[in-house]
Amino acid sequence: MEKYSQIAVIDIGSNSIRLVFFYGNQQFIIPFFNEKLACALGQSVSKTGEISSDHMHAATDVLKRFKKLIEDAGITKMRAIATAAVRDAKNGKTFQKKATDILGAPVEILTGEEEAKYGALAVQVGVCNASGLVGDLGGGSLDISTIGVKGDMASSFRLGSLSLIARSDGEISKAEKVVQDDFSDDKKMFKDFETFYAIGGSWRALATLHMACNDYPLRVVHGYILKREALLDFLNQLIKGKISDDEIKQHVSQSRRDLIGFAAVVLKYIVELGKFKQVYFISNGIREAIAYELLPKVKHKESQILGFSRFLCSNLYPEFHHEDSLNVMQDWILAHMKILSDDLSFLDENLITAAVQLSLISWWSHPEYRSTIQQNMASLGPYIGVSHFDRSFLAVAMHHRYEGVKADLSPNLESFTDLIGDEAYDSARLLASLIRLALVLAPVKRQSLSLFWLVKEKDEIVLTIPKTEKNIICLRVEKRLDKVAECLNVTSKIDVIER
C-alpha cells in the first residue's frame, strides 16, 4: 500500500494570503481545505515601498487564524512562504519576524529565482513530459523559468498584476509601454520555445473567460490549451474593451476583474515576442510545488489519474486489498483492448487501467445517478496532472460503461467527442463494452476472468469458455458479447472448449 500524509502550506502573496491542506503523496496530490483572505500587502508596497501598518495588522490577524486552523486539523507538517510583496518591502524582515512568531515556524521569503523554479516544478508535477517556457504571474512579480530543455533559466520581473497597475497609473496604454521596456533587454529568453505554460490566478481567469466566451465544454482550467492566433485575437479584444462587462462579471471573480486587462497585456507581449505556437494554462502553482516536495515519495511513479483512481478504489472497492482480483481484471481488459484494436498508440495504457478502477466503485452511489456521478468524477475530478483529452475520454467511457455502448450521448458528452476525435471515441466504446462483459463473466470471482478469452477472426470474435465454466453462460453474457462485436462491426459466438 502507498503511504499518504497531510501537510499545510501558507502562501503569503501580494494580494492575499492562502492556506491549503494537501493530502496524498508525490503520485497523488489533492487539496482538501483551501482558504484565501485578502490582505493586499502589495498595494502599499507599490505605493510607498513598505507594508503599511493597516495591511500588516490585517495580515497578522489572518496568520493567527491560520495557525489555529492548522492546530485544529492536527497537521504537524507545515511550510510558510512569502513572495514578491514581502521580498520588495523595506520592512519585509520586520513582517517576516512577526509572522514567524505567530506561526511558531519559519516563514521563508523566496527570491525571484526561487519562485521561478517552483513555477517550473509546478508544471512538472502537473504536465507529463512538459517542455517549454514557464511564466508565473502573481500580484507582485512575473517569474520566468524553463522546463524540459537543456540549461536551466530563472528570472523575475516586477510585472505582477498589482505592480503593473501601480507602475502604469492604472492605464492599459501605459502598461503596454512598461512591459515592453522591462523586456527590452531580455527578448532572447522567449525564443526557441513552442509552448508557454501560464501559471497564476489572473491568467487562470483569462482562460475561464475564454472558455465561457467560446462555449468550451470542459470547464477545467488545468490543461486548457490555446493556439497562438486564437489567444492573441482574444487578448486584443479584451485589452480594447470589446468583451462585454456582463460577460466579464458573469465569469470572472470580483477580485480579478480589475486585474485581467493588465494580465492580458503581459501575456500578449510574451506570446508575440516568443512566437509560441500554443499557451498551456496551469492550475498548479507554488503551493502544489511545495506540497510535492513535502509529501511522501512513491516507489513506482504512475500518472496522476491512476494515482487518483487507485486512491478511490482503496477506499470504496471492497476487493481492492485482494490485489490479485483487481490485477486480473485490469490485465484482462488491457490485453483484449490490444488484441481487438488496430492501433492504441494514441492512448495511454494508464487511462485504460483508471477506467477499470473507476468502473468498480459505483456501488456507493444511487443506481439512477451512477452514470452521471462517474462521468463527473472522470471529467471534473480534482487531479492536477490530467489532460483534457484524458478527462473527456474517461467521461465518455464511463457513460457507455453504465448506459450501454449504444446509448445516446448528452449534448455535453457529444461535445467531449469533439475533444478526443472519432478514433478515441470508438476506443472508449470498446473499452466500456469489455468492462461490461468482464463484469458478467466474473461478477464475484474476478480471478476466473483469466479462464475466458476473446479471439478476433476475420468477421467475428470468439469467446472461448472452458467446459468447467459453461454454467456462467446466460442471455446477458451473450448480449454483452454482441455489444463488443458491434463496436468492431463483426459478429460473435461462444465456443465451449475442453481444458
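Before you click anything, one bit of vocabulary: buried means under 20% relative accessible area, exposed means over 50%, and partly exposed is in between (1.4 Å probe, protein chains only). This is a predicted model, where local features need pLDDT of at least 70, side-chain atom pairs count only at pLDDT 80 or more, and totals for chains, interfaces and linings use all residues. Residues are numbered from 1 along each chain as its sequence is written, and side-chain values use heavy atoms, with hydrogens and water left out.

Start by selecting Ala291. You'll land in helix α13, residues 286–294 (helices are DSSP runs of H or I, at least four residues, and strands are runs of E, at least two, numbered from the N terminus). Ala291 counts as buried because its relative accessible area is 0%. Now add Ile7, Val9, Phe22 and Ile29: leaving aside neighbours within four places in sequence, these are in contact with Ala291, meaning heavy atoms within 4.5 Å. Then pick Ile30, which sits 261 residues away along the chain, yet its C-alpha is 9.6 Å from that of Ala291.

Next, select Ala40, in the loop between β3 (29–38) and α1 (41–48). Ala40 isn't a glycine, but its phi is positive, about 50°. With 15% relative accessibility, Ala40 is therefore buried.

Hop over to Asp169, in the loop between α6 (161–167) and α7 (172–182). Here's another non-glycine with a positive phi, near 55°. Is Asp169 buried or exposed? It's exposed, because its relative accessible area is 55%.

Last stop: Trp453, in strand β12 (residues 453–456). At 33% relative accessibility, Trp453 is partly exposed.
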